[in-house]
Amino acid sequence: MSDTPVRLGVAGLGRAFMLMLPTFRNDPRVRLTACAAPRLSSRETFLRDFGGRAHDTVEALAEDPSVDAIYIATPHQMHRAHAEAALAAGKHVLLDKPLCVDLEDGLAIAKAAREAGRHVIVGPSHSFDPQVLLARELIESGRFGDVRMIHAFNYTDFLYRPRRPEELDTAEGGGVLFSQGVHQIDIVRLLGGGLVRSVRASTGKWDAGRPTECAYSAHLTFASGAFASLTYSGFAHFDSDEYCGWVGELGRDKNPDCYGAARKALAAGLSPEQESALKSTRTYGSAGEDPLPRHNEHFGSVIVSCDGADLRLTPDGLWIYGHTEREFLPLPVTDVPRRTVIDALYQAVMNNHPPVQTAEWGLASLELCHAILESASAAREIELKHQTPVLPAANREDRNE
């Protein structure tokens, strides 16, 4: 493997970038060389921290010759324009989930990647979590037979964290489906083989003051005959981190005595402008960096039932429940959070080996988000048509030779 790092430009210096910052700082396989952000203060902070170049538009960043790939961390509805600009300029793309909001935009991104001959990696998502990848590796090994059933379950306070107005508008990509559900969908599709045949779902809008989906429950059937249940609530009551040893989504220990903190922070009746301002305090240049996590990231409870065993994913490893014995495979954290995302980026850019989570993969997960909404609205099962399989790593490499 070459010691040459991927020269990475960053489009958007908001909360998503903050969550990736510990990865970029600690993984020598990437070097931040440029950014694009509308706020002058963010650009100045980037230049102070990393040097390089700072642009006020993504289009200018795309033309920057000091960049090999661009991490797009702008709002969902801007993803198509920014991905197309990057690809047209010959850059590879690391695109923060979801791929985009509209299916037409997703098809356009996938087409642009093919025509440009450049990689689009849709991530980070929790399908990159080490325990998910270990479970997938065990499934591919055939050690436990076929996957028969998957259960994924997560209760959070997502909808009551500070939000911009568009994050409370489903048509703009708001609500729990596009920002949170896509994590769960990515995980379940990866473990189930990728090819979802149909979905039947219900969604909930329970707060007129936050008029978008706060919860859903979906039943998936795979082409293989396996089936899965996905349940998510962002209604800020029960917290399923209690079932994960009070380890939060980002791998940090959580204090259960802070119950209700998200709703309490909004209890003063903030205006949309005040709530947006509160959210901006968590962005780059405004907030301090969080300490490195003591556990792996996770996305709630996930259990995979195979012919020979149940696999239960936890922040610290993987439980295997066989016919007569059980076993725990520990997964200690490394000094580079989200290392697996950089594994994918580096292999794609430097060695032309695409990951599972390509633009087509992101399109298939986006299709499922829309299918859950459609199923809930029409009260019927929805058939899917943009699904992609999980190809073993060797097959993905062969495809590029």
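Which residue in β15 stands opposite V199? In this predicted model, with residues numbered from 1 along each chain as its sequence is written, the partner is I382. Local features need pLDDT of at least 70, side-chain atom pairs count only at pLDDT 80 or more, and totals for chains, interfaces and linings use all residues, while side-chain values use heavy atoms, with hydrogens and water left out.

Start with the sheet. Nine strands make up an open sheet with mixed pairing, in the order β14-β13-β12-β11-β7-β10-β9-β8-β15. Here strands (E, at least two residues) and helices (H or I, at least four residues) are DSSP runs, numbered from the N terminus, and two strands pair if DSSP finds at least two bridges between them. The edges are held by β14 (326–330) and β15 (382–383), each of which pairs on one side only. In general, strands of a sheet pair through backbone hydrogen bonds, either parallel or antiparallel.

Working in from β15, that strand runs antiparallel to β8 and is joined to β8 by two bridges. β8 in turn is linked to β9 by eight bridges, again in the antiparallel sense, and T203 sits opposite Y216 of β9. Next along, β9 (residues 215–222) and β10 (residues 227–233) are antiparallel too, with seven bridges; L220 faces A228 of β10 across this pairing.

Two helices pack on the sheet. Helix α7 touches β7 (147–155), β8 (196–204), β9, β10, β11 (301–306) and β12 (310–314), and its direction makes about 25 degrees with that of β9. Helix α11 touches β8, β9 and β15, at about 60 degrees to the direction of β8. Contact here means heavy atoms within 4.5 Å; axes are lines fitted to C-alpha atoms, for helices over the stretch in contact, with angles running from 0 to 180 degrees between N-to-C directions.

What about α11 itself? At 1.5 Å a residue, its 20 residues (359–378) should span 28 Å, and the end C-alpha atoms are indeed 28 Å apart; the expected span is 1.5 Å times one less than the number of residues. Of those 20 residues, 14 are buried, meaning under 20% relative accessible area with a 1.4 Å probe, protein chains only. Just past the helix, A379 adopts a positive phi of about 55 degrees.

The two helices also meet each other. The axes of α7 (residues 176–192) and α11 come within 9 Å and cross at roughly 115 degrees. On the α7 side the contact includes L177, F178 and V182, and on the α11 side W361, A364 and L368 are among the residues met. By class, this contact has 12 nonpolar, two polar and two charged residues, where Ala, Val, Leu, Ile, Met, Phe, Trp, Tyr, Cys and Pro count as nonpolar, Asp, Glu, Lys and Arg as charged, and the others, Gly among them, as polar.

Two residues are worth a look up close. Q180 lies in α7 and counts as buried because its relative accessibility is 5%. Leaving aside neighbours within four places in sequence, Q180 is in contact with F158, Y232, E249 and F299. T212, in the loop between β8 and β9, is buried as well, because its relative accessibility is 0%. The C-alpha atoms of T212 and G174 are separated by 6.9 Å, although these residues are 38 apart along the chain. With neighbours within four places again left aside, the contacts of T212 include L159, E167, D169, G174 and K205.

Definitions and conventions: Buried < 20%, exposed > 50% of the residue type's maximum accessible area, 1.4 Å probe, protein only.
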